[in-house]
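Reader: I am new to this structure. Please take a close look at one part of it: the places where opposite charges pair up.

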Amino acid sequence: METLVEVDKINIDIDTAIVCGQIFSELYSNCIKHAFPDERSGNIKVTMRRADKGRMELKVVDDGIGLPEDFNLHKSATLGMKLIGALTTQLNGEISIDGCCGTSVWITFEGKQ
């Protein structure tokens with residue numbers, strides 16, 4: 001597996017940084033555990049950047065096997081996905097997931113400085 005990290009130079013408060021770190025950790029470990037079964041190789045890309053209107057965007061993308069067609073974040077029973085949803089809510093953020101060609105998860109939230 002190869003990982004590419006692209007992070008803009010941004011300033012956020014410590015509480016937001018901690019929550020972002022927890023979200024990142026969960027998303028990244030999900031990639032490692034689920035995206036590349038049977039020792040497949042692949043890529044993971046992590047970005048954190050400024051988005052529109054003072055918001056920030058954290059994005060984790062892999063080119064692995066993707067998500068099941070019937071995947072629904074709000075109905076997911078896994079502890080990890082519940083944690084990601086709860087932490088996103090804590091940031092007053094929004095989460096989007098695309099699982100058709102690998103998995104892309106991006107979270108936008110207001111960037112407190």
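Author: Start with Arg 49. The residue is partly exposed, with a relative accessible area of 35%. The terms work like this: buried is under 20% relative accessible area, exposed is over 50%, and partly exposed is in between (1.4 Å probe, protein chains only). One caution belongs here: this is a predicted model, where local features need pLDDT of at least 70 and side-chain atom pairs count only at pLDDT 80 or more, while totals for chains, interfaces and linings use all residues. Residues are numbered from 1 along each chain as its sequence is written, and side-chain values use heavy atoms, without hydrogens and water.

Arg 49 is found in strand E2. That strand covers residues 43–50. Helices (H or I, at least four residues) and strands (E, at least two) are DSSP runs, numbered from the N terminus.

The partner of Arg 49 is Glu 57. The two form a salt bridge, and their closest N and O atoms are 2.9 Å apart. A salt bridge needs a side-chain nitrogen of Lys or Arg within 4 Å of a carboxyl oxygen of Asp or Glu. Glu 57 sits in strand E3, residues 55–62. This residue counts as buried, at 10% relative accessibility. So a partly exposed Arg 49 pairs with a buried Glu 57.

What else surrounds this pair? Leave out neighbours up to four places away in sequence. Arg 49 then touches Asp 8, Arg 55, Met 56 and Glu 57. A contact here means heavy atoms within 4.5 Å. Glu 57 has its own list, which takes in Thr 47, Met 48, Arg 49 and Ala 51. The list also holds Trp 106, Ile 107 and Thr 108. Lys 59 gives one more distance: its C-alpha atom is 8.7 Å from that of Arg 49, ten residues away along the chain.

Now widen the view. A search of the whole structure finds two salt bridges. The other one joins Lys 45 and Glu 6, with 3.6 Å between the closest N and O atoms. Lys 45 lies in strand E2 and Glu 6 in strand E1, so this pair ties together parts that are 39 residues apart in sequence.

Look at Glu 6 itself. Strand E1, residues 2–7, holds this residue. Glu 6 is partly exposed, with a relative accessible area of 39%. Its partner Lys 45 is also partly exposed, at 34%. Beyond four places in sequence, Glu 6 touches Lys 45, Val 46, Thr 47 and Met 48. Lys 59 can be placed from here too. The C-alpha atoms of Glu 6 and Lys 59 are 9.8 Å apart, though 53 residues separate them along the chain.

Last, set both pairs in the whole chain. The protein chain has two helices and five strands. From the N terminus, the order is β-α-β-β-α-β-β. The C-alpha atoms fill a box of roughly 40 × 30 × 20 Å along the principal axes. Of the 113 residues, 35% count as buried. Take contacts between residues at least 6 apart in sequence: 65% of these join residues at least 24 apart. The chain carries two salt bridges in all: Arg 49 with Glu 57, and Lys 45 with Glu 6.
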